[in-house]
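Subject: Structure handover and notes

Hello,

Here is the structure I said I would pass on. Please load it before reading the notes below.

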Amino acid sequence: MNRWTYTLTILLLSLSSSFNATASTSTSATQYPIVLVHGLFGFDDIWGIDYFYRIPQALQRQGAQVFVANVSPANSSEVRGEQLRSYVQAVLAQTGADKVNLIGHSHGSPTIRYVASVSPEMVASVTSIGGVNWGSNVADFARSAIPVDSAIEWLAQQGFNTLASIIAGISGNSGLPTDTIAAMESLTTAGSVAFNQRYPEGIPAQYCGQGSALADNGVYYFSWSGSGQLTHVFDVSDYPLSLTGLLFNEPNDGLVSSCSSHLGLVIKDNYKMNHLDEVNQTFGLVSWFETNPVTLYRQHLSRLAQLGL
């Protein structure tokens, strides 16, 4: 996609989303169901608290069918991808739909990309939010700090696998396997680059580049992300993210660089949001000086609807 085609495309899509943000819910609902996919150590909901905080309900009020996928809190992109592929098949059987729109946060991005790559006939669109598409410096740091096949690696794996299993159990998904070392390796730069070679759809030709909105497999690809860490003084999660953000020498959301998040048509990569703000956590404590993340999801729903998706 050349610069002028990209500029025209983003302008048309922006105008469409702006129009639909004020349209009635009947014209803002997508043709295909929405499936939301969480990232590392994520969950569908715990004790009634959504990982995508208040986002499924907002999209449902707009008329969409919304599902929150059950995948492992921690495992490789391919393992999580196969779990998601089975989940999507169940959604299609339940709804009678031909396809779904996949929206993934963080490690949810390579997870949904896997499904779109191996089963494009089931996927209308892929949307990456703060996605680890070119690796994370945090994962690189963790991998370098934990020697391969060492006692430290074994202890780390046991501890973090236990945490992942607790998360899965509390959220009602105790049967899902966990492998935190495989998850970490998937999220490193080397692991992500290897993944991109196997599943290249939507990936820009170069780091921090622009991809195509419509890939060769017939699936639409979109992405957006934040580039802040301290965004709300009362959100305690901001402070550890401000520390992990120091591992980067480029704009980032505390866990993923803005450039690493690029996939397909990049809507924006510098919202004043950190990695948790992108899913409206913690409990909606996000910047007062930026578009609310729930609004971004609602606008994107209208964008997909306008494209007939």
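The notes below go through one helix, the salt bridges, the disulfide, one glutamine and the nonpolar cores. Please keep in mind that this is a predicted model.

**Helix α4**

Helix α4 runs over residues 77-95, which makes 19 residues. At 1.5 Å a residue the helix should span 27 Å, and its end C-alpha atoms lie 26 Å apart, so the two values agree. Just after α4, Gly 96 has a positive phi of about 80 degrees.

Which residues of α4 are buried? They are Ser 77, Arg 80, Gly 81, Gln 83, Leu 84, Tyr 87, Val 88, Val 91 and Leu 92. An α-helix has 3.6 residues a turn, so residues three or four places apart point the same way. The cover over the buried residues of α4 includes the strands β1 (34-37), β4 (66-68) and β5 (100-105). It also includes the helices α5 (108-118), α8 (180-187) and α9 (189-198).

**Salt bridges**

How many salt bridges does the structure hold? There are four, and three of them are described here.

One is within α4: Glu 82 pairs with Arg 85, with 3.3 Å between the closest N and O atoms. The two residues are three apart in the helix, so about one helical turn separates them. Glu 82 is partly exposed at 31% relative accessible area, and Arg 85 is partly exposed at 23%.

Two others share Arg 143. Its side chain meets that of Glu 153 in a salt bridge, at 2.8 Å from N to O. Arg 143 is in helix α6 (residues 137-145) and Glu 153 in helix α7 (residues 151-170), so this pair ties together parts that are 10 residues apart in sequence. Both ends count as buried: Arg 143 has a relative accessible area of 15%, and Glu 153 has 10%.

Arg 143 also forms a salt bridge with Glu 185, here at 2.7 Å from N to O. This pair links distant parts of the chain, with Arg 143 in α6 and Glu 185 in helix α8, 42 residues apart. Salt bridges with shared partners thus join Arg 143, Glu 153 and Glu 185 into one network. Within that network, Glu 185 counts as partly exposed at 36% relative accessibility.

**Disulfide**

The count of disulfides comes to one. Cys 208 and Cys 259 form it, with their sulfur atoms 1.9 Å apart. The angle about the S-S bond is -50 degrees, and the link is left-handed. Where do the two cysteines lie? Cys 208 is in the loop between α9 and β7 (220-226), while Cys 259 is in the loop between α10 (238-244) and β8 (265-271), so the pair ties together parts that are 51 residues apart in sequence. Cys 208 is partly exposed at 34% relative accessibility, whereas Cys 259 is buried at 13%.

**Gln 157**

Gln 157 lies in helix α7. Is this residue buried or exposed? With a relative accessible area of 19%, Gln 157 is buried, because the cut-off for buried is under 20%. Its side chain makes a polar contact of 2.9 Å with the side chain of Asp 179. Leaving out residues up to four places away in sequence, Gln 157 touches Asp 179, Thr 180 and Ile 181.

**Nonpolar cores**

In soluble globular proteins, nonpolar side chains tend to be buried together. In this model, the largest nonpolar core has 31 residues. Those with the most contacts inside this core are Ile 34, Leu 36, Phe 52, Ile 55, Leu 59, Trp 224 and Tyr 297. The elements that give two or more residues to the core are β1, α3 (55-61), β4, β6 (123-129), β7, β8 and α11 (293-306). The largest share comes from α11, with five residues.

Tyr 297 touches Phe 52, Ile 55, Leu 59, Ile 103, Ile 129, Trp 224, Glu 278 and Val 279, again not counting residues up to four places away in sequence. There is also a second, separate core of 28 residues, which includes Phe 67, Val 126, Val 219 and Tyr 221.

Regards

Notes
Residues numbered from 1 in each chain as written. Predicted model: local features only at pLDDT ≥ 70, side-chain atom pairs only at ≥ 80, totals over all residues. Heavy atoms only, no water. Helix = DSSP H or I, 4+ residues; strand = E, 2+ residues; numbered from the N terminus. Expected span 1.5 Å × (residues − 1). Buried < 20%, exposed > 50% of the residue type's maximum accessible area, 1.4 Å probe, protein only. Contact = heavy atoms within 4.5 Å. Disulfide = S-S within 2.5 Å. Polar contact = N/O pair within 3.5 Å; in protein donor to acceptor, adjacent residues only side chain to side chain. Core = buried A, V, L, I, M, F, W, Y, C linked by side-chain atoms within 4.5 Å.
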